[in-house]
Amino acid sequence: MNIRLKTLPTILSLIIISRVNAQVLDSAALHKIGNQLVREELKGRQGKTQPGDNCLRDKDGHFLSCLSAESSVNWVTDFNKDGSPDAVFLFTDEGLGGGGNAYGFDYRVVLLNSKRSIIEQYTIFGGGKFSYGHLEIDQVKDGKLYATYNENPMSRSYEEDGENFKKVSVVFSFLGNRMVEERYAHCPLASMKKQIFKKDNGLAIDSMLEMNDQFNEEYTEIVRMEDGSKLVASLSGCEDLDLYFSRTIQYKASLETNTVAIKEELLKNLQFLKDNKQFLKR
């Protein structure tokens, strides 16, 4: 009994040390995960890649875009409180020609399991060359991402004053199995039942929930029509609801100049929405 009591603190120390080590993601591990993010993204895009290259090329070998995913040990925390460290990656997408002509970037919040395998990732808009603002991370700590959204000078016209650029502080955290900007959690639309089309009308519906460039949630439903076309509907907003519909159809010459055909097509689509759109309630 005395031997067990004497060795108990040592055993506890070893357990604590092992748990601390399990929370650490070093630069090598982050680099490996970043490469995996890029490879997965390249698989879903059109274009050709070369071994060891993170760029897409067309059939003639011209650059289409180059991707990169970088992180830091300072961007590691446990977002979903499962005991395994997660990480934030700066994901950059360079445009035609590469060479640093970055036209868009975002942040990927990557959730990992105890084996450091990716179980989920969430995208937070970072900015683009002419986007209204650019998001800059200030700190990643205690399961939260603190950042500043700075007005992009390129978004202003030549006539506008080049001073007094706006900025706002934002905080992102993992709530309800999704990443949410904390002020959005208090929006009236945050708790709304996000459903656009009726589920009992036999429609083939795909849905997704993402964060848009205003850091509000945007819910999208895609209806696959019988003629092969797609009807896309999206719902977003904070206090005011933003509901958007669009439909992609095959080209018809009559829809360019024939006003009767145009009217019939519009009425057909409006009737479909009337018959199948769900009344939205909180």
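Author: A disulfide is a pair of cysteine sulfur atoms within 2.5 Å. Keep in mind that this is a predicted model, where local features need pLDDT of at least 70 and side-chain atom pairs count only at pLDDT 80 or more, while totals for chains, interfaces and linings use all residues. Residues are numbered from 1 along each chain as its sequence is written, and side-chain values use heavy atoms, with hydrogens and water left out.

Reader: Why are Cys55 and Cys66 called a disulfide?

Author: Their sulfur atoms are 2.0 Å apart, and the cut-off is within 2.5 Å, so the pair qualifies.

Reader: What makes the disulfide of Cys55 and Cys66 right-handed or left-handed?

Author: The torsion about its S-S bond is about 110°, so this disulfide is right-handed. Cys55 sits in strand E1 (residues 55-57) and Cys66 in strand E2 (residues 63-70), so the link ties together parts eleven residues apart in sequence. Strands (E) are DSSP runs of at least two residues, numbered from the N terminus.

Reader: Why does Cys187 count as buried or exposed?

Author: Buried means under 20% relative accessible area, exposed over 50%, and partly exposed in between (1.4 Å probe, protein chains only). Cys187 has 7% relative accessibility, so Cys187 is buried.

Reader: And what makes Cys238 buried, exposed or partly exposed?

Author: Cys238 has 24% relative accessibility, so Cys238 counts as partly exposed.

Reader: How do you know that Cys187 and Cys238 form a disulfide?

Author: Their sulfur atoms are 2.1 Å apart. With -85° about the S-S bond, this link is left-handed.

How values were computed: Helices (H or I, at least four residues) and strands (E, at least two) are DSSP runs, numbered from the N terminus.
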